[in-house]
There are 2 protein chains.
Amino acid sequence: MSRYNSADGERRSRFERARRVRDMLRSQVLADDFGGDFPPEDQLTREYQVSRNTVREALTMLVSEGVLRRRRGVGTTLVSSPLTRVYDRGRGFADSISGGRQRISYRTITLQLVPSVPMLRRRFGSAEREFVFWERLTILDGEPNATWSSYLPGQLAAPLLTHPRRENLGLDEAFAELPGVRPDRTRRVVQARLADARAAVLLGVEPDSAVLHIERSIYAHDGSLIELGYGSCRGARYAVAYETYSRSGAADESTTTGDPYPPIESEGDQFGVT
Amino acid sequence: MSRYNSADGERRSRFERARRVRDMLRSQVLADDFGGDFPPEDQLTREYQVSRNTVREALTMLVSEGVLRRRRGVGTTLVSSPLTRVYDRGRGFADSISGGRQRISYRTITLQLVPSVPMLRRRFGSAEREFVFWERLTILDGEPNATWSSYLPGQLAAPLLTHPRRENLGLDEAFAELPGVRPDRTRRVVQARLADARAAVLLGVEPDSAVLHIERSIYAHDGSLIELGYGSCRGARYAVAYETYSRSGAADESTTTGDPYPPIESEGDQFGVT
């Protein structure tokens, strides 16, 4: 093995190896390589050609990330496979994951009119005097998955304030029921952030856990903005996946050899620039 | 204002308002609404129709996120506009941001052969016995922006080990120079995580800061995997933006009214599903 060792000291070197094993194990969890059964330490020691201490160090990192759970007498197990959310055309959250309609529920926390402010007027490009502010939780398999705070034009979204299912309603359903509203284009800006105190409580995670922050702008067919939303998605549970091609027409010809994530048909998706 | 107040207590209510103002201010920073000059507190108090204490609470949250900086005698200023990275076809990092070639440099930390492990063999679908492991830093305007750890097939990537510019080399340049390697399709899986000790040192951030973790798989035209990479991108500095359309042909017809991010031409980009 000596030809593979860098000149670093042994301790740092072990930490480096543990990080590499951690990254590869996390990949395997994301790709569902283990099918729910996390392999025992000695198998990992063999497969990754590292010491048991290195494997343990890698596992400890994944425990602290919330990917693995370690319990006395049970050993190391998967917390749950993270949900890899793929954004593709015209499908809301519930329709984009397998069995979604049954697995997802919503909880409305706040639903009220708020006065307009210059920033909202600028974004929505309208003289709208009030906006509907809608804060809600999306729950997947009984576990909080994300919190969303949405601004919707007041006149358009006013029916939501008295909607019979307003306590358990998703945005895609809401849009389907609001008269004259057809979402067309969605822009998302994704960042990593720490959960603030409120998001941590709502998501059931420690304060200062990592969350995927999504700023979402949904536009109607006439180009007008119909939602500006801020989402905080649980870091260890949520991943966003997407593909790009380096040449024209590749979408039709690509093969997926060795790829655990086969591409789907979704022509016309597009990226924007700042 | 009473019709806009929920039934919550006053303190919680102020925290809620501060969170809303924070989200909208962060949006404005991302969209470069302020052009480098962050507005004074009294302007924000007026614009957002909230108390000065609420504005201060929102600003404090943005300071702790690393978006704003507060200095005695200077006031509250922008740290820097976050870099919004848009992935579109065939452009490497340096070519995807304005003036990129001049603004970006690289620093190689580790570049060595490592033995194959089952996980890599499975992903790369090859009998490759060794891989090139390449850990490097991307630096934007003199500030560390991301660390990347890449695995490349040993035979293919061996020339990198003795490349004359191996200490300051980007992946896109490397691929352009390796014989017979043309990247075709790139899949990225994005998660939020906390920076580990090493990533924090390399990125120049506090340990346990939020980082955007990207798992990247680059495939060649024949469908074979040519890079498996793990990136940790500074949370407050880095955002990923992308757009989706809800109907066929929308990419050609969409308008951008009110959108601070005009779409670009990049037909054929595609999303995958797990």
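**Exercise 1. Classify Phe133(A) and Tyr151(A) as buried or exposed, then describe their ring pair.**

Step 1. Phe133(A) has a relative accessibility of 1%, so it counts as buried. Buried means under 20% relative accessible area, exposed means over 50%, and partly exposed lies in between (1.4 Å probe, protein chains only). This is a predicted model: local features need pLDDT of at least 70, side-chain atom pairs count only at pLDDT 80 or more, and totals for chains, interfaces and linings use all residues. Side-chain values use heavy atoms, without hydrogens and water; residues are numbered from 1 along each chain as its sequence is written, while chains are lettered from A and ligands numbered from 1 in the order in which they are written.

Step 2. Tyr151(A), at 2% relative accessibility, is buried.

Step 3. Search for aromatic pairs. Over all chains, the whole structure holds 6. The ring centres of Phe133(A) and Tyr151(A) are 5.2 Å apart and the planes meet at 50°, so this pair is tilted. The rule covers rings of Phe, Tyr and Trp (its six-membered ring) with centres within 6.5 Å; planes under 30 degrees apart are stacked, over 60 edge-to-face, and the rest tilted.

Step 4. Place the partners. Phe133(A) is in strand β5 (residues 130-140) of chain A and Tyr151(A) in strand β6 (residues 143-153) of chain A, so the pair ties together parts 18 residues apart in sequence. Strands (E, at least two residues) and helices (H or I, at least four) are DSSP runs, numbered from the N terminus.

**Exercise 2. Describe the pair formed by Phe133(B) and Tyr151(B).**

Step 1. Phe133(B) and Tyr151(B) form a tilted aromatic pair, with 5.2 Å from centre to centre and 50° between the planes.

Step 2. Phe133(B) belongs to β5 of chain B and Tyr151(B) to β6 of chain B, so parts 18 residues apart in sequence are tied together.

Step 3. Both Phe133(B) and Tyr151(B) are buried.

**Exercise 3. Find what is notable about the phi of Asp141(A) and Asp141(B).**

Step 1. Recall the rule. Most residues other than glycine have a negative phi.

Step 2. Asp141(A) is not a glycine, yet its phi is positive, about 50°. Asp141(B) also has a positive phi, near 50°.

Step 3. Locate them. Asp141(A) sits in the loop between β5 and β6 of chain A. Asp141(B) is in the loop between β5 and β6 of chain B.

Step 4. Check accessibility. Asp141(A) is partly exposed at 45%. Asp141(B) is partly exposed at 45%.

**Exercise 4. Test the length of helix α3 of chain B and find where its buried residues lie.**

Step 1. The helix runs over residues 52-65, which is 14 residues. The expected span is 1.5 Å times one less than the number of residues.

Step 2. That gives 20 Å, and the end C-alpha atoms are 20 Å apart, which agrees.

Step 3. List the buried residues of α3(B): Thr54(B), Val55(B), Ala58(B), Leu59(B), Met61(B), Leu62(B) and Glu65(B).

Step 4. Look down the axis of α3(B). The buried residues fall within an arc of 155°, so they line one face of the helix. The arc is that of the directions from the helix axis to the C-beta atoms.

Step 5. Go past the end. Gly66(B) follows α3(B), with a positive phi near 90°.
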